[in-house]
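Please look over the two-chain structure shown here. The report below takes it chain by chain, then turns to contacts and cores.

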Amino acid sequence: MAETKQVIVKVKRQASPKDPARWEEFSLQWRPSMNVIICLRDIAENPVTRDGKKTTPISYDSNCLEEICGSCAMLINGKARMACSALVDQLEQPIRIEPLSKFPLVRDLTVDRQFMFESLKRVKAWIPIDGTYNLGEGPRISPEIQEKGYPLSNCISCGSCLEVCPQVNEHNQFVGAAIISQVRLFNMHPTGAMNKSERLKALMGPGGIQECANAQNCVHACPKNIPLTESIAEVNRDVWKQALLGWLTG
Amino acid sequence: MSFTASQPDTSYLLRKLHSFTGILPVGAFLAEHFWSNSSALVSPQRYNDVSQELQTIPFRLAVEWGAIFLPMLFHGGYGIWIWLRGKSNVSDYPWAGNWLYTLQRYTGLIAFAYIGWHLYTERWLTHGRSTYANVAEDMQNPWYLAFFVVGILASSFHLGAGIWNFLCKWGLAATVKAQQAAGRFGAVVGVTFSLVGILIVLSFRFDWHPFSAYLPNK
């Protein structure tokens, strides 16, 4: 009987941002350990809808298939999550698959997450180690800082935290939890801390950390279990000290 | 992105001011207000003495406008602006924090409307000289009574959840454990304020003064 078991998948399709969105339903052969990416790949192999109409393969982003590249975040049964770790056996059917709603749509399930990468540039989410001469060894990092930093470094920029945040929407350019958490990571690094105030200042502009309203959805949605609310609180403290006391203390 | 020092954005400063005014002076005033009105639980005379003392403080108008009315107007008005820029998604993601986010907006609006009405009836109409008798008379109207109860519950909830928000947003409760503790503290404040507020209402409604035994025997 296992051979005839079917998986019903509904995909929201849109040929381009200007075209109207429509739903297509597919019936796929069940396989053990099947995930949503396998469903999308099976559709690409045989792009025929449940009622027998020929269609095109679905456009989507994915790469590593092990929740490490961050590219396959999408809405699965209405929730933001990684398609590679969304197992069919654990999902209610028909499985509804939609693109993330907070980023500009490219086609079908492919969205443009450039906003996140621009925000990372805005807060200088890197450690400057290049110079015109040899800068020598950096300072040692205490095991305590290493332990705090490691979970933050797991961020895969998937955008799930932005997707679930009520404060990220078309009215508002809020950079979102992932970027704030990266500010914390690079500010706690002894070399990264050389740009600490620049990062903090970048977060007191439009769409900065003040837009966070503490709904705390980000920390629930994060596939990497990053302590995002802790990061936001810590960075918030650094930012208000910089913003409100900076003119007094320099 | 310039390398040189930039000033915080106006929206940053207004957000921080909004968060701060919720605690000081608005939250502090709610505490003072419940404390003073609790004197009704002792006796009508005690209530009238306390309210007359408050009605005769020096620089009264300046204090009322500067420390109570204007901060409340700003907190409420800017709060509505914040609400309009957010997009609640509690039906998709029904997590506790998300519920608080949504309820914080509705209770804020209810409290704002209630406080406006409350000021109009108990401050403006009586020219700032309300007595126990005025309030007790109003409480006989079931609609007044119901609006009082709703207003007290909304304000207390909003303050309790607001204290949690404040402690998280200013980084005073940063770790997960600290934020949980801040949440419990906020809950205690919310429940305590609700109970005290309802007791005060009952005191006026039923001429009930459970602490009258504190008074010296005449």
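What follows is a short report on a predicted model.

## Confidence

This is a predicted model. Its scores are ipTM 0.93 and pTM 0.94. In chain B the average pLDDT is 95. In that chain, 97% of the residues score at least 70.

One stretch of chain B scores low. Over residues 1-5 of chain B, pLDDT stays under 50. For those residues the model has 4 contacts beyond four places in sequence.

## Chain A: overall build

Chain A contains 8 helices and 7 strands. Its C-alpha atoms fill a box of roughly 70 × 40 × 35 Å along the principal axes. Of the 250 residues in chain A, 42% are buried. Take the contacts in chain A between residues at least 6 apart in sequence: 63% of them join residues at least 24 apart.

## Chain A: two domains

Chain A splits into domain 1 (2-111) and domain 2 (114-249). Between the C-alpha centres of these two domains of chain A the distance is 32 Å. Domain 1 of chain A brings 13 residues to the contact, and domain 2 of chain A brings 12 residues.

On the domain 1 side, strand β4 (residues 79-82) of chain A gives the largest share, 3 residues. By type, the residues on that side of domain 1 of chain A are 7 nonpolar, 3 polar and 3 charged.

## Helix α5 of chain A

Helix α5 of chain A covers residues 177-188, 12 residues in total. From first C-alpha to last, α5(A) reaches 17 Å. That is close to the 16 Å expected at 1.5 Å a residue.

Why is α5(A) described as largely enclosed by the rest of the structure? Of its 12 residues, 10 are buried, so α5(A) is largely enclosed. The buried residues of α5(A) include A:A177, A:I180, A:R184 and A:F186. Also among them are A:S181 and A:Q182.

What do the buried residues of α5(A) pack against? Their partners in chain A are α2 (114-122), α3 (143-153), α4 (160-164), α6 (196-202), α7 (217-221) and α8 (228-249).

## Chain B: overall build

Chain B has 7 helices and 0 strands. From the N terminus on, its elements run α-α-α-α-α-α-α. The C-alpha atoms of chain B fill a box of roughly 75 × 40 × 30 Å along the principal axes. Of the 218 residues of chain B, 31% count as buried. Among contacts in chain B between residues at least 6 apart in sequence, those joining residues at least 24 apart make up 77%.

One residue to find in chain B is B:E64, in helix α3 (residues 60-85) of chain B. Is B:E64 buried or partly exposed? B:E64 has 16 C-beta neighbours inside 10 Å, so it counts as partly exposed. The cut-off for buried is 20 or more. B:E64 and B:Y214 are 150 residues apart along the chain, and their C-alpha atoms are separated by 31 Å.

## Where the chains meet

The contact between the chains draws 31 residues from chain B and 33 residues from chain A. On the chain B side, four helices each supply at least two residues: α1 (10-37), α4 (96-124), α6 (142-169) and α7 (176-206) of chain B. The largest share comes from α1(B), with 4 residues. The chain B side is mixed in type, with 13 nonpolar, 11 polar and 7 charged residues.

## Nonpolar cores

In soluble globular proteins, nonpolar side chains tend to be buried together. The largest nonpolar core here has 90 residues. The residues with the most contacts inside this core are A:C161, A:C165, A:I180, A:L203 and A:C218. The largest share of the core, 9 residues, comes from α6(B). Domain 1 (2-111) and domain 2 (114-249) of chain A both give residues to this core, so it lies between them.

A:C218 is worth tracing. Leaving out residues up to four places away in sequence, A:C218 touches A:C161, A:V164, A:C165, A:A177 and A:L228. Apart from the largest core lies another core, of 9 residues. Its members include B:V135, B:I152, B:V201 and B:F204.

Conventions. Residues are numbered from 1 along each chain as its sequence is written. Chains are lettered from A and ligands numbered from 1 in the order in which they are written. This is a predicted model: local features need pLDDT of at least 70, side-chain atom pairs count only at pLDDT 80 or more; totals for chains, interfaces and linings use all residues. Two residues are in contact if their C-beta atoms, placed from the backbone, lie within 7 Å. Ala, Val, Leu, Ile, Met, Phe, Trp, Tyr, Cys and Pro count as nonpolar, Asp, Glu, Lys and Arg as charged, and the others, Gly among them, as polar. The expected span of a helix is 1.5 Å times one less than its number of residues. Domain bounds come from an automatic or database domain assignment. A nonpolar core is a set of buried Ala, Val, Leu, Ile, Met, Phe, Trp, Tyr and Cys residues joined through C-beta atoms within 7 Å. pLDDT is the predictor's confidence in each residue, from 0 to 100.
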